[in-house]
Amino acid sequence: MNQYIELITNSYSGYFNYLKSEILFWKWDNYFYGLLFISLGVWLLEIVFPWRKNQPIFRKDFWLDLFYMFFNFFLLNLLLLIALSNVTEALFNDFLSLFDLQLTSIQLFSLSELPKPFGLLLFFVLSDFVQWNIHRLLHRIPFLWNIHKTHHSPKQMGFATQFRYNWMEAVVYKSIQYIPLILIGGFALEDVFVVHFIAITIGHLNHANIGWDYGVLKYIFNNPKMHIWHHSKILPSKYGANFGISLSVWDYIFKTHHIPSDGRDIELGFSDEDEFPQDFLQQELYPFKK
């Protein structure tokens, strides 16, 4: 037990020092300033090329979404996710040791052994497919849907809506992703820096007030004109559609795509949104109250 307590303590102090260095010192793989740069860039695109022209630059809940972005990307890691991830990894390793196994002995293959560009591309595709499946679960299981409602609560979307989600949603994603991704091995945080920010850029653009679909590439990459229908209040089924995170190809392969028309002015939200809270703290507690 003492080793887990020490691991939790070290996780908090280690990530706090990491976050402090991210803010105080610039480096090429800096997540703090990288997020700022991408956010400002996509926000500028919203201002120059607005799709919904009657939507103000400082739209409804703009500041709430901005708070969610920094809370979920940085503070939630400090408060919970890093310690939880490290403890989960330690517990998993201890469980394997009971059977005289190591992590490498259960891996199907290791992406890090492939040429790095190909390995990173494969990591991007496989992790996106895992997230697509998790996203579908969030819409199908009632308790998970109550968690996911936070992300569907905005009535006006913008780039920062990507990070508007309940803290438990991050726990669900991290927990379910852990085993499938560990079975294929992976890369160090520094290696996936570029892949991570490509995914963030695509996610920002998907939620931005921009009317793009990338032409023929829309069948591969998720895009604003497709993703707006995922947030539609009226959907073709009670489970929703267009579950793609970075890639739209899964929705086309498994027939969950839905783009009946130009979705520029559709109403966003969900059926019982009137009883959903408007402030951050109540939104964080909502799944437990339900």
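## A salt bridge across the chain

In this predicted model, Arg164 and Asp65 pair up through their side chains in a salt bridge, with 3.0 Å from N to O. Arg164 sits in the loop between α6 and α7 (167–183), while Asp65 belongs to helix α3 (residues 62–97), so this pair ties together parts that are 99 residues apart in sequence. As background, side chains of opposite charge can pair when their charged atoms come close. The count for the model comes to 9 salt bridges.

## How α6 packs on α11

Now for helix α6 itself, which covers residues 142–152. Its axis comes within 9 Å of the axis of helix α11 (residues 280–289), and the two cross at roughly 170°. With the cut-off for roughly antiparallel set at over 145 degrees, that makes α6 roughly antiparallel to α11.

Who touches whom? On the α6 side you'll find Phe143, Asn146, Ile147, Lys149 and Thr150, and they meet Gln283, Tyr286 and Pro287 of α11. Sorted by class, the residues of this contact come out as 4 nonpolar, 3 polar and 1 charged.

## The second largest pocket

Helix α6 turns up again here. The second largest pocket holds about 340 Å³ of space and has 19 lining residues. Trp145, Lys238, Tyr239, Phe270 and Ser271 are the ones that lie nearest its centre.

Which elements give two or more residues to the lining? Those are α5 (116–140) and α6, and α6 supplies the largest share, with 5 residues. As for chemistry, the lining of this pocket breaks down into 5 nonpolar, 9 polar and 5 charged residues.

Technical notes: Residues numbered from 1 in each chain as written. Predicted model: local features only at pLDDT ≥ 70, side-chain atom pairs only at ≥ 80, totals over all residues. Heavy atoms only, no water. Axes fitted to C-alpha atoms, helices over the stretch in contact; angles between N-to-C directions. Helix = DSSP H or I, 4+ residues; strand = E, 2+ residues; numbered from the N terminus. Parallel < 35°, antiparallel > 145°, perpendicular 65-115°, else oblique. Contact = heavy atoms within 4.5 Å. Nonpolar A, V, L, I, M, F, W, Y, C, P; charged D, E, K, R; others polar. 1 Å grid on protein atoms, 1.4 Å probe; cavity = no way out; pocket = protein on both sides within 12 Å on 5 of 7 lines; lining within 4 Å. Points joined across faces, edges and corners; volume = space filled by probe spheres on them. Salt bridge = Lys/Arg side-chain N within 4 Å of Asp/Glu carboxyl O.
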